[in-house]
Each structure stands twice: as C-alpha cells, then as structure tokens.
Amino acid sequence: MPRELDPRRTNRALAFSLWMQAPMPMVTLFKTLDVTAACRAARRHGYKFNMLLCWAIGRAAARTPAFYRLPVGQALMEYDRLAVSVVVATADGGIATCDIPVSDSLAAFQQDYLARTGQVARTGQALALDDDCMVIGTSALARYDIDGAVNLYAGVYNNPFLIWGRYRRGPLRTRLPISFQFHHTQMDGIPAARFLEDLQAELRRL
C-alpha cells in the first residue's frame with residue numbers, strides 16, 4: 001500500500017513547498033529516441049513495437065527513485081510498485097485505459113500486455129491495477145507524425161505521462177520523437193532527463 005510521507009523529511013521538501021500550490025506545476029521535456037533496435041526486435045520476434053517501448057519505459061523508471069513518489073491531492077505518497085498505462089482502441093470504436101505491471105522480464109510483461117489490452121479491447125472497460133502502483137501514463141498516436149505534446153493538466157491527475165506518434169525511418173536509423181510530462185514536486189529536470197537517457201539505453205539494448 002502507498003504510504004503518506006512527511007515532505008519535510010524528504011529530499012522533495014523545497015519542491016513540495018514551491019510547486020504543490022502552483023497553478024501549473026507540470027514540466028514537459030522533449031527527446032528524439034533512436035528506436036532502430038526496437039523496430040528490428042519487433043520484426044524478428046513478432047513483438048508489438050508499443051509493447052517494447054512500454055517495457056523499456058518501465059525498466060528505466062524502475063531505476064529512477066523519483067518515480068516511486070507522487071503528489072496526490074495535497075499529500076506526497078510513496079509506492080512500492082510501478083505500472084505503465086496504455087490507451088487501447090476498443091471494439092465499439094472508443095478508447096479505454098489499461099494498466100500493465102512493470103516487470104524486469106520481457107516475457108512476463110508481454111504476457112500481461114497482450115492479455116490485459118486484449119481484454120480491454122473486447123470489453124471496452126478500463127482495466128486498472130490496485131492503488132499500490134504508481135502509474136506512468138502513455139499515449140501512442142502511432143498513425144501520425146507529431147513532434148511532441150503537452151498533456152492536459154486538470155489538477156487531479158499528477159502522474160508522469162509520455163506521448164509519441166509514428167516513428168520515422170531513415171537510411172540507417174529509425175527515430176521517434178517523444179514527450180515526457182511530470183509534476184515538478186515529483187522530480188526535477190535532471191532526474192527526468194536522466195530517465196530519458198536510461199530509456200534510450202534500454203531501447204538500444206533490445
């Protein structure tokens with residue numbers, strides 16, 4: 001279960017005092033990733049590209065301590081587990097979200113991804129994990145060329161969020177622009193940028 005922290009006893013004390021009452025505390029970073037290895041792995045082994053990207057996001061986030069804390073309401077909460085949320089197109093023409101638990105194992109993550117997104121696609125019902133996961137939101141606009149996006153901030157959903165469009169094939173490398181939005185109370189720019197570097201490293205290892 002998540003635990004409420006006393007912000008004054010954490011390394012986010014100053015950030016909590018500065019940003020919890022800010023009218024717009026979200027920060028967005030943009031990065032172009034080299035996804036050549038992920039595209040090759042998808043072709044050779046029949047993986048879904050977005051599944052590989054979500055797995056790499058989870059792996060990189062799991063090594064970033066800031067992801068285990070999140071401002072919720074007026075509190076700073078600490079979590080034991082992470083999940084990646086994906087937006088699924090449903091059989092009735094709508095969309096619904098689906099949470100996938102983060103795993104070090106690609107095989108386990110793929111099994112959960114296919115089973116859970118398949119269920120959401122069939123039923124049209126969102127599928128969430130229990131409340132002890134800090135959820136990383138994602139949205140793939142895979143049919144469209146976009147350079148990035150700034151997500152809606154309504155003062156309720158403070159979770160980190162990544163958005164990407166269609167990857168771009170070049171003569172030697174395939175690249176993907178991506179945007180990463182996060183609450184400034186949760187992390188500063190340096191760990192956020194380091195997370196994106198770790199994400200790139202995970203994708204190259206594929």
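User: What makes both faces of strand β8 (residues 161–164) count as covered?

Analyst: In this predicted model, Phe161 and Ile163 lie on one side of β8 and Leu162 and Trp164 on the other, and all are buried. Buried means under 20% relative accessible area, so with buried residues on either side, both faces of β8 are covered. The general background is that in a regular strand the side chains alternate between the two faces of the sheet.

User: How do you know that β8 pairs with strand β7 (residues 133–140)?

Analyst: Pairing requires at least two bridges between two strands. Four bridges join β7 to β8, therefore the requirement is met. The two strands run parallel. As one example, Thr138 has Leu162 in β8 as its bridge partner.

User: What makes β8 and strand β10 (residues 174–183) a pair?

Analyst: Four bridges join β8 to β10, so this pair also satisfies the rule of at least two. Here the strands run antiparallel. Phe161, for instance, has Gln181 in β10 as its bridge partner.

User: Why is Cys54 not said to form a disulfide with Cys98?

Analyst: A disulfide is a pair of cysteine sulfur atoms within 2.5 Å. The closest cysteine sulfur to that of Cys54 belongs to Cys98 and is 9.9 Å away, which is too far for a bond. Cys98 is likewise in no disulfide. By this rule the model has zero disulfides.

User: Why is Cys54 called buried, and why is Cys98 called buried?

Analyst: The cut-off for buried is under 20%. Cys54 has 1% relative accessibility and therefore counts as buried. Cys98, at 0% relative accessibility, is therefore buried as well.

Notes
Residues are numbered from 1 along each chain as its sequence is written. This is a predicted model: local features need pLDDT of at least 70, side-chain atom pairs count only at pLDDT 80 or more; totals for chains, interfaces and linings use all residues. Side-chain values use heavy atoms; hydrogens and water are left out. Buried means under 20% relative accessible area, exposed over 50%, partly exposed in between (1.4 Å probe, protein chains only).
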